[in-house]
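Grab your viewer and a notepad, and let us work through a few exercises together. Each one gives a task and then a solution in steps.

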Amino acid sequence: MNEYFSDIEDLVLNCDHNANCDYQSCEYKGYLCQESHLLGIIGNGVYGRALASRFEEFGHRVIIGSRSHIAKENSQLLKSEKNGNAVIISSIEETLKQCKYVFLCISSVHHRIFARNYRQNLRGKILVDVSNRKRRSRCSKTLSNAELLQGMVGDDVVVVKAFNTVSSQTLSDLDNFESRVLVCSDDHEAKNGLIEICNSAGLIGHDIGSLSNSKRIEDLPHRFFDNWRSPLIFSVVLFAILYAYALLLHLWDKTSVSWINLPLLIGNRVFGWHSIFLMAITFLGGSVASFKQLISGTSRKRFPRCLAAWMSSRKYLGLLGLWSAYIHCVMSVITNPWFTDLHYIDNTIAGGCYQFAILAGVLALSLFTFLGLTSIPGIGSEMSWKEWDFILSKLGIIGLVVSTMHVGFLAFVLDDYNVDKWKHNGVPISMLSMFIPGLVLVTKVILRFPCIWKRLKYIRENK
């Protein structure tokens, strides 16, 4: 989603009462007569209370408009621990009369009734819609709740969409200063004023454009692993293909392990193959993109749709590969001959290669784990571009080299380099596992040739 940032103008909302009124004789005990943001909240539910409490703790004046009998008695609902002030509960009419910014904290199914009953009171007000749809919109022509509300209240009311991505628990956590509030409206001044209110309440307001973007904001709470969907489907299909090939090898090789051992012994090899395959294509996407830029002679031309999708899925493919690597590690510990006999641990070349294979596997797993940690937002946001470049283009390639060495040493121990065996048993999994990583390493070496690397840098910097 595109985010538009703009300068925040100073906007101070004052009480409509006479500033010189007597505290004791004032209808609201002088509560509304102090210079501060005077905010109205329609709705006495969980979210309305949480929003009122947050604003009050950060120094704003708040009135909650409610239809309940408590509102008519003008009772105090919440008391601020910081300011010692209380949130006033009043009637909806009085709340709309006193406040310019009004937060509509009611279900969207009641918007039409609210607009019909209080349309005259809403003139000249800024109405903040915090509602969400019950389900994600499937049609591009469907209007958002905020757009529908704008049509209900008319053009003399400014509707702003905000706070629908912030939960009541987040609002109640007064030590949380990192939550983003996405704000959109067709009125520039109203947006900036609300962003200022958000920032002054310990939140981070972001201007994301006109009210037409509210549909995208309302879709955010209904997202369900959108970015993971394609990589996960690819990963599952790839695993099924690799496992099918392993089963064919088992049928081909009559001397292989029993069918009883397929879930662990064969599955362990497939998980290892699956892991290094996903890790390799994670880095292969960057190489393909580099060659595409070399061929086109520019970095400003858009990638083909399939390549763009590949590039945007690399992080998720890498994390899925890391997940398979951990499964492979656990299954290896369970099925490893080290814990049953010392068949491979002897004073032979094969024994030494086996130990090097285990060492390389542990080092590769640790390197890819470190790589995966950088995908955590709290860690990645603290890294500079130079650190990112080192970890992804240097440390990641080292991890791929070490993992390829892990497979290569195991292939030597299992005598998979013997081509004569391939005629009877098929191409071993270990040899196929090294093909894609080897291709990635070859492309990386080619791209580092001085003549090619200089050309690529020139294209990226000037074209």
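## Exercise 1: a nonpolar surface patch

Leu265 is found in helix H10, where helices (H or I, at least four residues) and strands (E, at least two) are DSSP runs, numbered from the N terminus. A word on the set-up: this is a predicted model, in which local features need pLDDT of at least 70 and side-chain atom pairs count only at pLDDT 80 or more, while totals for chains, interfaces and linings use all residues. Residues are numbered from 1 along each chain as its sequence is written, and side-chain values use heavy atoms, with hydrogens and water left out.

**Task.** Work out which residues make the nonpolar surface patch and which elements give two or more residues to it.

**Solution.**
1. Leu265 has 30% relative accessibility, so it counts as partly exposed; buried means under 20% relative accessible area, exposed over 50%, and partly exposed in between (1.4 Å probe, protein chains only).
2. Leu264, Leu265, Val330 and Ile334 make the patch, with an area of about 330 Å². Patch members have over 30% relative accessible area and no salt bridge, with nonpolar side chains (Val, Leu, Ile, Met, Phe, Trp, Tyr) joined within 5 Å and like charges within 9 Å. A salt bridge is a side-chain nitrogen of Lys or Arg within 4 Å of a carboxyl oxygen of Asp or Glu. Accessible areas come from the Shrake-Rupley method with a 1.4 Å probe, and for residues only the protein chains shown count as cover.
3. Helix H10 (262–296) and helix H12 (314–335) are the elements that give two or more residues to this patch.

## Exercise 2: polar contacts from H10

**Task.** Find the side-chain partners of Asn268 and His274.

**Solution.**
1. Asn268 lies in helix H10 and, at 9% relative accessibility, counts as buried.
2. Its side chain makes a polar contact with that of His328 (2.7 Å). Such a contact is a pair of N or O atoms within 3.5 Å; within protein, one must be able to donate a hydrogen and the other to accept it, and residues adjacent in sequence count only if both atoms are side-chain atoms.
3. His274 is also placed in helix H10, and is buried with a relative accessible area of 2%.
4. The side chain of His274 makes a polar contact with the side chain of Ser324 (2.7 Å).

## Exercise 3: an enclosed strand

**Task.** Explain why strand E2 is largely enclosed.

**Solution.**
1. Five of the five residues of E2 (residues 61–65) are buried, so the rest of the structure largely encloses this strand.
2. Arg61, Ile63 and Gly65 point one way, Val62 and Ile64 the other. In a regular strand, side chains alternate between the two faces of the sheet.
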